[in-house]
Amino acid sequence: MEKPLVGKLLRGLWVAIIIILSLIAIYFVVPLVYPFLIGWFMAYILNPLVNLLERKGRMHRWLAVSLSILIFLSALSGLVTLVIFRIVNEIQRLAVFINSNYDHWLNDISLFAKSEMMHRWVEQVTSFYEKFGNQDTVDTGINSVGGRIAETVTNILQQIAAYMVTFVTALPNAAVGLIIAFLAAFFISKDWHKIKVRTSNLMSNQVKDSVGAIWIDLRKALFGFLRAQFILISITAFFVIIGLLLLRVDYAVSIGLLIGLVDLMPYLGTGAVFIPWIVIVLIKGNYTFALGLTVLYGIILIARQLAEPKVLSSSIGLNPLVTLIGVFVGLKLFGVLGLIIGPISLVLGFAFHRADVFRDIRRYIVHGYYFEKANRE
């Protein structure tokens, strides 16, 4: 084998090893340093306010940082308290509503079970099995289905209990991590300019340009993705509120805002509210209202599917088809997290491409020289 080809293969193997080791290091290191990553992110978010207080308020850097973190912590605590208070209030109202309507719902179910339509269904099923099966087969099938349903319900309850135990046991670690994150945010923000200069001095001009281009794209992707989700849940809430107002539903605005938040749930989305609602209304025999809810649910689904690729593409700078492919592939590979990992991975890949990272790697594998020599040539 010729020496140039051997050199290319060895350099390609070396690049592959570096990439694999980097991914492994990220996988194992991130869980150990996540409080400091959160602290860096908070410092980055608070940096404009810190600079403003330092410049306009004539404050020392440490005082401006302390005041900014205090403002952020107060706003966050107030928001969390408000959300918790609202959730508790709604749960109490829901409990009162369920207690006051429990007997009425049982009566409706009993009437439905004794209704003529239910008797016709039972007669049709019975006649079908009398013609094509035997009673033992029917009993076995019913018992099998019942056993599977009971097993499924048991598994779901066990998973919920396990999640609750995991959540409760994780609270102390989360509290410690949050405290460390705030301390890290303070020290990082206080020495922001020094850290920026020292980090910049460690990199060549070519690397600084590449990292800067990648960071700009990632920042656009992050805030663009949050902006896109806000737009999508706003679209959902708008259609729900308008539809419920037309259907003359009480508390249409509150229900619409709640369903807009539920729309963030992967897979289920608005169906987690609309499908049980439609089924309950059908059981109660209000077919007109059920038809209205079904039409409204269909409109929301269509509007969401039409708007999502366009909104995501305009917010994170990707083609709608490419964005759709990234969402689907990410969902298949990583599950729920793939809805975020997919588009962000695409943005990261395009950022590397625009920063000529892939070109530089190819140049190293083929020709064997680095950025500086490439620049001189």
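**Briefing: an all-helix predicted model**

In this predicted model, residues 24 or more positions apart account for 62% of the contacts in the protein with a separation of 6 or more. The protein has 13 helices and zero strands. Of its 377 residues, 25% count as buried.

**Overall make-up**

- Read from the N terminus, the order of elements is α-α-α-α-α-α-α-α-α-α-α-α-α.
- The protein exposes about 26,300 Å², and carbon and sulfur atoms supply 72% of that area.

**Aromatic pairs around helix H8**

- The count of aromatic pairs comes to nine.
- One of them is Phe 274 with Trp 277, a stacked pair with 6.2 Å centre to centre and 25° between the planes.
- Both residues of that pair, Phe 274 and Trp 277, belong to helix H8 (residues 271-283), where they sit three residues apart, about one turn of the helix.
- Phe 274 has a relative accessibility of 0% and therefore counts as buried, the cut-off for buried being under 20%.
- Trp 277 also pairs with Phe 289, here edge-to-face, at 5.9 Å centre to centre with 75° between the planes.
- This second pair links distant parts of the chain, since Trp 277 is in helix H8 and Phe 289 is in helix H9 (residues 287-316), 12 residues away.
- Phe 289 is buried because its relative accessible area is 18%, and the cut-off is under 20%.
- Together with Tyr 297, the residues Phe 274, Trp 277 and Phe 289 make up one aromatic cluster.

**The two sides of helix H7**

- Which residues of helix H7 (residues 252-262) are buried? They are Ala 252, Gly 256, Ile 259, Gly 260 and Val 262.
- These residues lie on the same side of H7, because they cover an arc of only 160° around the axis.
- The cover over the buried residues of H7 includes helix H6 (205-246) and H8.
- Turned away from the buried side of H7 is a face that carries Leu 258 and Leu 261, both exposed.

**Points to locate in the structure**

- Helix H8 enters both topics: Phe 274 and Trp 277 lie in it, and H8 is among the elements that cover the buried residues of H7.
- Trp 277 takes part in a stacked pair with Phe 274 and in an edge-to-face pair with Phe 289.
- On H7, Ile 259 is one of the buried residues, whereas Leu 258 and Leu 261 are exposed.

Terms used: Residues numbered from 1 in each chain as written. Predicted model: local features only at pLDDT ≥ 70, side-chain atom pairs only at ≥ 80, totals over all residues. Heavy atoms only, no water. Helix = DSSP H or I, 4+ residues; strand = E, 2+ residues; numbered from the N terminus. Buried < 20%, exposed > 50% of the residue type's maximum accessible area, 1.4 Å probe, protein only. Contact = heavy atoms within 4.5 Å. Areas by Shrake-Rupley, 256 points an atom, 1.4 Å probe, with all protein chains shown as cover. Phe/Tyr/Trp six-rings, centres within 6.5 Å; stacked < 30°, edge-to-face > 60°. Arc of directions from axis to C-beta.
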